[in-house]
Amino acid sequence: MNLILIGPPGSGKGTQSDYLVETFGAVHLSTGDMLRKHVKDGTAIGKKAKSFMDSGALVPDDLIIEMMTERLNEIKAEKKSWLLDGYPRSLKQANALKALAASGNAVDAVIYLDVSDNEVVRRLSGRRTCPVCKRTYHIEFMKPAVEGKCDADGAALIIRDDDKESTIRNRLKTYHSQTAEVVSFYRKEGVLKAIPGESAPSDVTQKVASALGKSVKPKKK
Ligand code: AMP
C-alpha cells in the first residue's frame, strides 16, 4: 500500500508511521528529513533549499517534485511501497504525485490524524528540556523525579523557544494554511481517512488499522 500521513506537529505521526512501516513494509519518506540531509551534505538541492527552510517557507514546488519523483521511482523499481510524511504540501505537488499513478505510484490511502489546535498546544507546550544534557520531559506524560529538575544532572529545566505557546500557534497556522487544500484534494479523490487522533496512541493505531482494513492485537498491559 502506498500511503500518505498528514497531521499537525505533535499529532503522533511518528508513532503511527512506525506502525504503518512495520505493517505494510513501506519505505518512510519524510521530505523535511530528506531536505535536512541535503543541506547537511551540501548538495545542489540542499544549497537551493536552505534559505527557504531557514525562513520556514516552502521550498519551491519544482525542486521538491523533482526530488520526490526520483525517489518514488527508485522505490517502485525496488518493488516496495512508500509512506509519505510532509509531502505533498501544495496542490501542485499533489497533482504531480497524481500524474505518477499511471506508472504504478498510485496513492492508496491518506491518513489524516485529526488533533485540535488546543490539544497540540497542550501536548507540545508541556515539554521541558534540560539545558545541560538536552534530555526532554513532559509535565504530564513524562515527569522528572523532582519537579523542574533534570533527573540526570539536577539542572533547572527550561521551555525551549520552539515549545512556547506563541511559537506553537504560529507553526499550527502555517500547517493549516499549507495542508487545507491538500486535505480537500484527497477528500475529493475519495482516499482520505480522517482518524480522531486525541486518544491514547495504541487506540489511534487501532483506528488507523481498521481504516486500512487491518487489525492490531492490543498490547498486553
Ligand atoms: P518539516 O520537517 O516537514 O517541517 O519540513 C521542514 C522544512 O522543509 C519546511 O519548513 C519546508 O521549508 C521544507 N519542506 C518539507 N517538505 C516540503 C514540501 N513538501 N514542500 C516544500 N517544502 C517542504
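Q: What makes the pair formed by a side-chain atom of Gln93 and a nitrogen atom of the ligand a polar contact?
A: A polar side-chain atom of Gln93 lies 2.9 Å from a nitrogen atom of the ligand, and a polar contact is a pair of N or O atoms within 3.5 Å, so this pair qualifies. This is a predicted model, in which local features need pLDDT of at least 70 and side-chain atom pairs count only at 80 or more, while totals for chains, interfaces and linings use all residues. Residues are numbered from 1 along each chain as its sequence is written, and side-chain values use heavy atoms, with hydrogens and water left out.

Q: Which atoms of Thr31 and Gly86 lie 2.8 Å from a nitrogen atom of the ligand?
A: For Thr31 a polar side-chain atom lies at that distance, whereas for Gly86 a polar backbone atom does. Taken alone, the ligand exposes 470 Å² (Shrake-Rupley method, 1.4 Å probe), and the protein buries 82% of that area.

Q: Which residues come nearest to the ligand, and which helix gives the largest share of its shell?
A: Among the 13 residues around the ligand (a heavy atom within 4 Å), Thr31, Arg36, Ala57, Gly86 and Gln93 come nearest. Helix α2, residues 31–41 (a DSSP run of H or I, at least four residues), supplies four residues, the largest share of the shell.

Q: Why is Ser30 called buried or exposed?
A: Ser30 has a relative accessible area of 12%, and buried means under 20% while exposed means over 50%, with partly exposed in between (protein chains only), so Ser30 is called buried. A polar atom of the side chain of Ser30 lies 3.1 Å from the backbone nitrogen of Asp33.

Conventions. A polar contact is a pair of N or O atoms within 3.5 Å; within protein, one must be able to donate a hydrogen and the other to accept it, and residues adjacent in sequence count only if both atoms are side-chain atoms. Helices (H or I, at least four residues) and strands (E, at least two) are DSSP runs, numbered from the N terminus. Buried means under 20% relative accessible area, exposed over 50%, partly exposed in between (1.4 Å probe, protein chains only).
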